[in-house]
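Colleague: Got a minute to walk me through this one? I'd like to go feature by feature.

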Amino acid sequence: MIAIFILFLFLASGVYIENKLLSGIGIIERSWIGLCLGFAMLMLFPAAMAFIFSFTVMAHVFAIVLDIIVVFLVYKFKRNEHISSFSVDERKKLLGALILVLPFSVLMAYLQYTHTIMPKNGALWVGQSTYGDLPLHLSIITSAIDAKFPMDYSIFPGVRLGYPFLIDTLSSTLYLFGLSLQSSIIIPDTIISSCIFLGYYLLALKICNDKRAATLAFILLFLNGGLGFLYDIDLAGGDFSARINEIMTGYYKTPVNRPEAHNLVWANIIADMMLPQRTFMGGMLIFLPSIYLIITPLYENREFKKGELALLIALASSLPMINTHAFLALGVFSIIQMISRIIIADASRKKTVFIQFAIFGASTLCLTLPQLFTWTFGQSLHNSGFLRFHFNWINNNNGTLRDIYPVFYLKNMGIVIIPMLMSIFTKDKKFRSLILSALAIFLLSEFVLFQPNKYDNNKLIYFSFLIMLLPTSSILISIYDSLVKIPARALLATLFIFTCVISGSLSLARECVSGYEAFSPDSVDIANFVENNTDRDSVFVTASNHLNPISSLAGRKILCGPDLWLYYHGIDTSKRKAEIKDFYSNPNKHNGLIEKYNVKYIIIGPGELYEYSDIDLEKLDDEFDIVYSNNSYALYKVI
C-alpha cells in the first residue's frame, strides 16, 4: 500500500540520518531519535510543498524528492564514522525498555482502536476522552486534502487555521494515499506513542543512570493521577462496588476528572492528553529527543557535536505547528540550560557553550518565526483571550483560589509532589540544572495564560512535571537504598507507588471500557454521499454541533462550527450564528447569506432540528432541490 510505503520511507530516512549524524551514541537511542526525525519530516515536507502545489499527490511527490535529497546530502557529505554495535549492554537496555514499553504500547493500540471512529453496526464509535476533541482533528485531516496552504478553518471558512495542525496533516497524507480515515490515525499514533514511551525511558536512564529510577519515573509519569481516589473512598460510604461501577460507567466520574465537584484537574497523561489531544502527543514526540540532545553533552562533560546541533535545530524548528506549548517549553528549557552550563563550565569552555546555544537559538528562530507569523501570532496577539497574567491557572476563579495553594497541587499531583519539592535542594549540579529548567516552565505556566481556556496551561505543566520526575525518582531510589535496615521499606515503597498511580490507573481502566456512538449510520451515509458527490470547496450551511458528519467525515467546509473549539481559538462566532439562524427561519435562495459565503448546500438533520426550532421546512422544499435524503438527513442544493 502506497501510504504504508511513504510512512516507512520517511521513518527509514530519519533512522538513516540519525545513524550518520549520531554514530557515537547507542543503537537504541539512534533508532528512537531517527523515528522521531522521520515523523517530523513527514509532517513538515508535504505541508511545505502544499504552499506551491496544494495538499495533493504532486505536493507529496516533491516532498519525497526533498526527503531523498536530504538523505543523499547526508550520505555525500557526512564522513563515515565508527558506529557503535549492538552490544550485550545494549541488549539488556532494550530488554528493560521493552518490559515497560510493550505493555503500554499494546494498551495504546487498543485505546486507539476503540476511541477512533470504531465501526459498529454501521455507526462510528469513540471513547470517553475522544468524544469532545476527535471530531476537530477529523475535520482538519479530511479537509486538508487538496487544500491550498495556508488553509482556513473548514469549520469557519474565511479565518486562517491557527491551531497546530501538522500531526493531523500527517494523517491526511496517509488518508490521501489509501488508508482508511480510522487507520490513518491509529497506525501513526500507535507508533508515535511507542516512541514516546521508549524515549522517556531512555531519557530517564540517561539522567538517572539507574534502571530502577528510570522505571519509577516511567510509571509515575504514565500512570499519573493524584489523591482524587480519597474522595471516591469517602463517596463510597462503604459500598465500594457501587463507587467503582460509577467510575467505570459514568461520564467523567474518574478520580482525576472532577473539576466542578472537587477541583480535580490533573488528568492522566495517556487517557486525557496523548489519546484525545493529538497535538500534545506530537509535541511530546519531538520534545523528548530534543531535551535528550540538549542534556547529553552535560552528562558526558563535553560540547555539542555538529551532528547533534544540526539535529536539535531540525527537531526544534518543527515544533511550532506540531504543538506550540512544547515549543515554548523547549525554549524555556534551553535558555535555563544555557545559563546553567555557562555557570558550571570551566572558564575555557564558557564561550563555546554560549556560542553553541546561540547558534541553536538563532537558527531555530530563523526557521520558526515565519511559521509563528503565518499561523500563531495572527491568532493570538490581537485577541485579549490569549497571553494574559493569571496566577495559579485553573484554581484561580476571578481572583479567588478555590483550594489553598499547596492543597490544590497536593490533591491533584499527589504525594509525589513532596519528594519533588525536596529535590529542589539537591547538591547535584546536573540535577539542579534540570530542576531549574522544570521550575522555570512551571512558573511561567503559573503566572501566564497563553490561550482563552485556562485548563490548557496543563499542557505546559506536564512538560515541567516529566522533567522534575527524573531527578525526583533518582532521589527516591537513593532514599530507598538508605533504608536498607528498615524491614518495612518494601511495603512503604509499594504504598507510595500505589498512592501515586491508583487514580491514574482507574482513569485508564475507565477508558478501556468506555464507548459512545459519535456518528450514526445515517450520519455515515450522508458523509459518504457528500464526499463522493460534491466539490471539495463547497460550503455547507449546517448546525454548529461538534459531531458534524459534513466537516468531520466528509471534509467539507461548514459555515460555522461549535464554540466548543472556536471560542477557545479566539474566534467570535456570534454574528455568523445569527445569520444562520435567520436563514433557517426564512430560507431563500436570494438570502444574503447564500451569496455572501458562496453557499452550495444546506443540511437538515438531527443537529439542525435541535439547534434551530423554527426551521421553515416547507419553504426549504420550495426554494431548494433535495439531492439526497435518508431517515435522518436531507441535503439541499443551491442552484
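Modeller: Sure, one definition before we start: helices (H or I, at least four residues) and strands (E, at least two) are DSSP runs, numbered from the N terminus. This is a predicted model, where local features need pLDDT of at least 70 and side-chain atom pairs count only at pLDDT 80 or more, while totals for chains, interfaces and linings use all residues. Residues are numbered from 1 along each chain as its sequence is written, and side-chain values use heavy atoms, with hydrogens and water left out.

Colleague: Which helix holds Gln-356, and is Gln-356 buried or exposed?

Modeller: Gln-356 sits in helix H16, residues 350-380. Buried means under 20% relative accessible area, exposed over 50%, and partly exposed in between (1.4 Å probe, protein chains only). Gln-356 has a relative accessible area of 14%, so the verdict is buried.

Colleague: What is Gln-356 in contact with, leaving aside its neighbours within four places in sequence?

Modeller: Contact here means heavy atoms within 4.5 Å. With those neighbours set aside, the partners of Gln-356 are Glu-303, Phe-304 and Leu-309.

Colleague: How many disulfides are there?

Modeller: The rule asks for a pair of cysteine sulfur atoms within 2.5 Å. For Cys-195, which is in no disulfide, the nearest cysteine sulfur belongs to Cys-36 and is 4.9 Å away. The count comes to 0.

Colleague: Is Cys-195 buried or exposed?

Modeller: Its relative accessible area is 5%. Cys-560, at 1% relative accessibility, also counts as buried. So for Cys-195 the call is buried.

Colleague: At what angle do the axes of H7 and H20 cross?

Modeller: Axes are lines fitted to C-alpha atoms, for helices over the stretch in contact, and angles run from 0 to 180 degrees between N-to-C directions. The axes of H7 (residues 183-208) and H20 (residues 458-482) come within 10 Å and cross at roughly 45°.

Colleague: Which residues of H20 make the contact with H7?

Modeller: On the H7 side, the contact is made by Tyr-200, Leu-203, Ala-204, Ile-207 and Cys-208. From H20 come Leu-466, Leu-469, Leu-470 and Ser-474.

Colleague: Where is Leu-401, and what does Leu-401 touch beyond residues up to four places away in sequence?

Modeller: Leu-401 is in strand E7, residues 400-401, and is partly exposed at 30% relative accessible area. Phe-391 is 10 residues apart from Leu-401 in sequence and 9.2 Å apart in space, C-alpha to C-alpha. Not counting residues up to four places away, Leu-401 touches Phe-391, Asn-392, Asn-395 and Asn-396.
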